[in-house]
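Trainee: Got a minute to go through this one with me? I'd like to start with the ligand.
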Amino acid sequence: MEFIDLKSQYGALRTSINERIQRVLDHGQYIMGPEVKELEQALAAFTGSRHCITVSSGTEALLISLMALDLKPGDEVITTPFTFAATAEVIVLLGGKPVFVDIEPGTCNIDVNLIEAAITPRTRAIMPVSLYGQVSDMDEINAIAARHGNLPVIEDAAQSFGASYKGQRSCSLSTFGCTSFFPSKPLGCYGDGGAIFTNDDALAQACREIRIHGQSARYTHTRLGVGGRMDTLQCAVVLGKLERFDWEVAQRKLLGDEYRRLIEQTCSGQLELLEVKPDRDCVWAQYTVKVPNRDAVQEALKQAGVPTAVHYPRPLHQQPAYATPQTFVHSETMAGRVMSLPMSADLTAQDQIEVVKALAASLKFSAQQ
Ligand SMILES: Cc1ncc(COP(=O)(O)O)c(C=O)c1O
């Protein structure tokens, strides 16, 4: 069994993806070819955003968004320490300071009740992370931002493309939504890629210029930029994947519900499931559970042929590059407990039964250690 089954997905979309790749090879516009605009229009329509700007990765999407906001050295950006390093990395790269706020243990997303106390005169943005494919409480975050001088809000939606919040799509819920097309993400390409979403015309224009070395016209470098374009070939791959993406999003939700049902039936009381808020549809970038004795459970699952992963084993405030002497109890506790099970739209009912059977046995085995 694969942790993420990309081969079955390719099998289902082979003809379309191959044809789209071939078309790029035939027209030869490898950089900023017609597929780039086609994808941007399709993704903007999918999310309900006015603008989509494709970029070379999710990291670059976050970096370019902060550059468009003109983040200056010493500026503070509020986010959580329980995320992938890229979230804080881009802030530090621009000389800014990540100001960490703990997560709520149920969803592992930022605890919105702690945000206001972290705001200072240097706060320049709030960057919630839609971890595991579930959007944070964006209405509340936007309301806090509005109360504090209309602070920009950047949703790190690297894991949540396709998810929704109160019927609205992730990426369209705040000043910026930034996603990743890393192959294992809910919508992935065959390399690196990402996208920025915004409804703000001026910020969209700034992002378009920044991704191409700050050019407002060819060889007119109006501002500082980066080489941050997404390859035409990768855009063609995502266009191919979009053909059944609605089905995949619905399927991921069904698989998440089925994991819950099977685990509650088989392992009740032995582990904790992620809380999904009733006003949200999670896209389950990872199906993550919280287990006791994680190392032993993981090892037993490995022996049973079930791959697992940990997102993430160490919160950022305890990483050498971002170390602060602060304590974030829930982030630290979750880093020691979370474990992700195999998840992809092509996971079969039989796969799920086998995973949960092995999980139950592993929990039993680890409890006896
Ligand atoms: C929460 C989060 N933010 C940012 C990123 C960065 O995306 P990319 O790998 O496309 O640069 C990731 C990717 O793993 C992520 O999970």
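**Around the ligand**

Mentor: Sure. Helix H3 (58-68) and helix H4 (86-93) each supply at least two residues of the shell around the ligand. Keep in mind that this is a predicted model.

Trainee: Which residues come nearest to the ligand?

Mentor: There are 15 residues around the ligand, and Gly58, Thr59, Asp156, Ser180 and Lys185 come nearest.

Trainee: And by class, what does the shell have?

Mentor: Eight polar residues, five nonpolar and two charged.

Trainee: OK, polar contacts. What is 2.7 Å from a nitrogen atom of the ligand?

Mentor: That's an N or O atom in the side chain of Asp156. Ser180 has a polar side-chain atom 2.7 Å from an oxygen atom of the ligand. With Gly58 the backbone does the job: one of its polar backbone atoms is 2.8 Å from a ligand oxygen.

Trainee: How much of the ligand's area does the protein bury?

Mentor: 93% of the 390 Å² that the ligand exposes when taken alone.

Trainee: And where does the ligand sit?

Mentor: In the largest pocket.

Trainee: Switching topic: where is His317?

Mentor: His317 is in the loop between helix H10 (294-303) and helix H11 (329-335).

Trainee: Is His317 buried or exposed, and why?

Mentor: Buried, because its relative accessibility is 3% and the cut-off for buried is under 20%.

Trainee: How many residues apart are His317 and Leu94 in sequence?

Mentor: 223 residues, and in space they are 18 Å apart, C-alpha to C-alpha.

Definitions and conventions
Residues are numbered from 1 along each chain as its sequence is written. This is a predicted model: local features need pLDDT of at least 70, side-chain atom pairs count only at pLDDT 80 or more; totals for chains, interfaces and linings use all residues. Side-chain values use heavy atoms; hydrogens and water are left out. A residue is near a molecule or strand if one of its heavy atoms lies within 4 Å of it. A polar contact is a pair of N or O atoms within 3.5 Å; within protein, one must be able to donate a hydrogen and the other to accept it, and residues adjacent in sequence count only if both atoms are side-chain atoms. Accessible areas come from the Shrake-Rupley method with a 1.4 Å probe; for residues, only the protein chains shown count as cover. On a 1 Å grid over the protein atoms alone, a cavity is a set of points where a 1.4 Å probe fits but cannot get out, and a pocket is an open set with protein on both sides within 12 Å along at least five of seven lines; lining residues have an atom within 4 Å of a point. A molecule sits in a cavity or pocket if more than half of its atoms lie within 2 Å of its grid points. Helices (H or I, at least four residues) and strands (E, at least two) are DSSP runs, numbered from the N terminus. Ala, Val, Leu, Ile, Met, Phe, Trp, Tyr, Cys and Pro count as nonpolar, Asp, Glu, Lys and Arg as charged, and the others, Gly among them, as polar. Buried means under 20% relative accessible area, exposed over 50%, partly exposed in between (1.4 Å probe, protein chains only).
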